[in-house]
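Subject: Structure handover

Hi,

Here is the structure for your project. Please load it first, then read the notes below.

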Amino acid sequence: MTDFDAIIVGAGFGGMGAGMQLDRTGMTDWVILDREEDLGGTWHVNRYPGLAVDIASVTYSYSFEPNPHWSRLFAPGAELKRYAEHVADKYDLRRRMRLDHTVEGARWDEDERHWVVSLRDRAPLTAQFLVTATGFLSQPRLPDIEGVESFAGTTVHTADWPEGLDLAGRRTAIIGTGATAVQLIPEVAKRAASLVVFQRTPIWLTPKIDGPVPRPVRSLFARVPVAQRVARRANNTMLDTLMVGVLHFRQASIGNQVAKALARAQLRAQVRDRETRRKLTPHYDFGCKRPTFSNTYLPTFNRDDVTLETGTIARIEPDAVVTEDGTRHEIDTLVLATGFSLWETNFPPFEVLGREGQSLAKTWREGRWGSYQGVSVPGFPNLFSLVSPYAYTSLSFFNTIESQMIHVDRVLSELRRRQATTFEVTGEAHDRFTSEAERRLGDSVFLNGDCASSRSYYFAPDGTPALLRPTSTGSAFRAQSTFPLDDYRYSR
Ligand code: NAP
């Protein structure tokens, strides 16, 4: 007898999607555990100024729960949080969430044939099935810069933005120029007395086609949901088209060249100083690293009170950031826009031990970065690992989750049909899927473009670009709907 039929770890859109799917398949005795004090995952944790979705909002929602009320094409973060709350209420998820519950590990008990999930400062819980839905960007990375702990002013990571932090009059530094910093920098520049941006690797960015969604469009979406479905489909097609240049770089590098040209034109139009433009221009191919878009980031560097520093940081002192050439930037607020640790601590985010004590982290780090359909791994029975290599589909987290839910539904339905209690993917199926993903990536920008200087989180530490599922949205959904159910072993 277990505490629950299923334990889901993560109360973000992935975990909530899994909960709703389990309900649909008739399994209602599940719990969602999350270390945070509120639901929403990314959209609860990230609250920095300027936060907004970077996939058009028509696509960034569950297809079965469209939101006709998005205020902008790219909705601000607070709307995403409200949407998560709406879904949790409408689908009766809240009462099955245990927040402020930090999972420290999960172990498959072969004798009992169930998962034992250990929690910080709490008794362990057991369940027949385990779903890990902890997100891809959930472990904030603190930079290993000498003296960072000695800084005497205010230090803030973007994933831990303090409520009401007032930057007025503050001499501020931001380390990092990823997608988060691109959203944050224009906002900080408006508020702070001065801003120094420490850039190690420049980011490719293109103009953002954004704006308020006009009221007539919103009411059309509310009255005629098919209209929003058409918009969603069109946006998915656009995302797939963007991915052609990434996944089929060998055949279609022209797409990347055009994107680069567009990005360079924007730089010329928006940044006055030639030297600053040079510093902001990446030296790797478009698509090696997640590009982003903004209309306000580049002009920020025209401001007299904003400095772009590209010198390597030597150390941080109690009142300054010092670069290797000895320049001291005196500041009182240090913002770490240094992103998230994916491969080192997020795959998986806590110790997962399968049959015979096999560690999932070791399986990936010391063996091969792989999965079956971005969902399962041999040796780990009754586990749906939603944060797996090759899981992330078509730049859209919701396409990722929803295609994974088809997979979950089919496996659990087959398990029930066979009156079995345990499923486990076969090694042969896992290797076949992983090898096919590797083969497909042979055409990608990751292996054919110049990515050497990109420092991209699309690459695992051994150089395998194992994050993205290298297929279109349509093929991912088709594959999840049609994979042979015999790719799993089912037992009682
Ligand atoms: P990121 O892309 O990993 O960027 C981290 C930045 O910090 C990089 O510029 C990195 O430089 C720099 N950095 C890290 N350690 C450093 C060190 N020791 N010294 C100097 N610089 C250092 O992280 P992010 O900007 O938080 O974005 C992560 C992802 O979140 C994005 O790619 C995007 O997918 C997602 N995101 C989504 C939204 C949304 O609306 N959905 C919004 C923001 C972000 P290097 O490049 O040289 O390593």
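The notes below cover the pocket, the cavities, the core and the salt bridges.

One caveat before the rest: this is a predicted model.

**Second largest pocket**

Start with the second largest pocket. It holds about 1,100 Å³ of space. Its lining counts 45 residues. Nearest the centre lie Phe74, Met238, Leu239, Leu242 and Phe293.

Which helix gives the largest share of this lining? Helix α6 does, with ten residues. That helix spans 225-247. At least two lining residues also come from each of α5, α8 and β11.

By residue class, the lining of this pocket splits into 30 nonpolar, eleven polar and four charged. Both domains take part. Domain 1 (4-139 + 342-491) and domain 2 (148-212 + 218-336) each supply at least three residues of the lining.

**Cavities**

A search of the whole structure turned up two cavities of 30 Å³ or more.

The largest cavity encloses about 50 Å³. Its lining consists of Gly14, Ala133, Thr134, Gly135, Phe136, Leu386, Val387, Phe397, Ile401 and Gln404. Helix α11 (residues 397-417) gives the largest share, three residues. Six of the lining residues are nonpolar and four are polar. None is charged.

The second largest cavity encloses about 40 Å³. Around it sit Val58, Tyr62, Ser63, Pro66, Gln228, Arg229 and Arg232. This lining has three nonpolar, two polar and two charged residues. Where does the second largest cavity lie relative to the domains? Domain 1 and domain 2 both give residues to its lining, so this cavity lies between them.

**Nonpolar core**

The largest nonpolar core has 135 residues. Ile7 and Phe13 make the most contacts inside it. Helix α11 supplies the largest share of this core, eight residues. The core lies between domain 1 and domain 2, because both give residues to it. As general background, nonpolar side chains in soluble globular proteins tend to be buried together.

**Salt bridges**

The structure holds 34 salt bridges. Three pairs and one network are set out here.

- Asp210 and Arg72: their side chains meet in a salt bridge at 3.3 Å, N to O. The pair links distant parts of the chain, 138 residues apart. Asp210 is in the loop between β10 (205-206) and α5 (215-223). Arg72 is in the loop between α2 (42-45) and α3 (77-90). Asp210 is partly exposed, at 28% relative accessible area. Arg72 is partly exposed too, at 32%.

- Lys260 and Asp285: the closest N and O atoms of this salt bridge are 2.8 Å apart. Again the pair links distant parts of the chain, here 25 residues apart. Lys260 belongs to helix α8 (residues 254-270). Asp285 is in the loop between α9 (274-280) and β11 (292-293). Are these two residues buried or exposed? Lys260 has a relative accessible area of 13%, which is under 20%, so Lys260 counts as buried. Asp285 comes out at 10% and is also buried.

- Asp305 and Arg303: the closest N and O atoms of this salt bridge are 3.0 Å apart. Asp305 is partly exposed, with a relative accessible area of 24%. Arg303 is partly exposed as well, at 33%.

- The network: salt bridges link Arg171, Arg315, Glu317, Asp319, Arg328, Glu330 and Asp332.

**One loop residue**

Last, Ala159. It is in the loop between β7 (154-157) and β8 (171-175). Its relative accessible area is 9%, so Ala159 is buried by the 20% cut-off. Leu336 is 177 residues away from Ala159 along the chain. In space, the C-alpha atoms of the two are separated by 9.0 Å.

**To recap**

Domain 1 and domain 2 both contribute to the second largest pocket. They both contribute to the second largest cavity. They also both contribute to the largest nonpolar core.

Best wishes

How values were computed
Residues numbered from 1 in each chain as written. Predicted model: local features only at pLDDT ≥ 70, side-chain atom pairs only at ≥ 80, totals over all residues. Heavy atoms only, no water. 1 Å grid on protein atoms, 1.4 Å probe; cavity = no way out; pocket = protein on both sides within 12 Å on 5 of 7 lines; lining within 4 Å. Points joined across faces, edges and corners; volume = space filled by probe spheres on them. Helix = DSSP H or I, 4+ residues; strand = E, 2+ residues; numbered from the N terminus. Nonpolar A, V, L, I, M, F, W, Y, C, P; charged D, E, K, R; others polar. Domains from an automatic or database assignment. Salt bridge = Lys/Arg side-chain N within 4 Å of Asp/Glu carboxyl O. Buried < 20%, exposed > 50% of the residue type's maximum accessible area, 1.4 Å probe, protein only. Core = buried A, V, L, I, M, F, W, Y, C linked by side-chain atoms within 4.5 Å.
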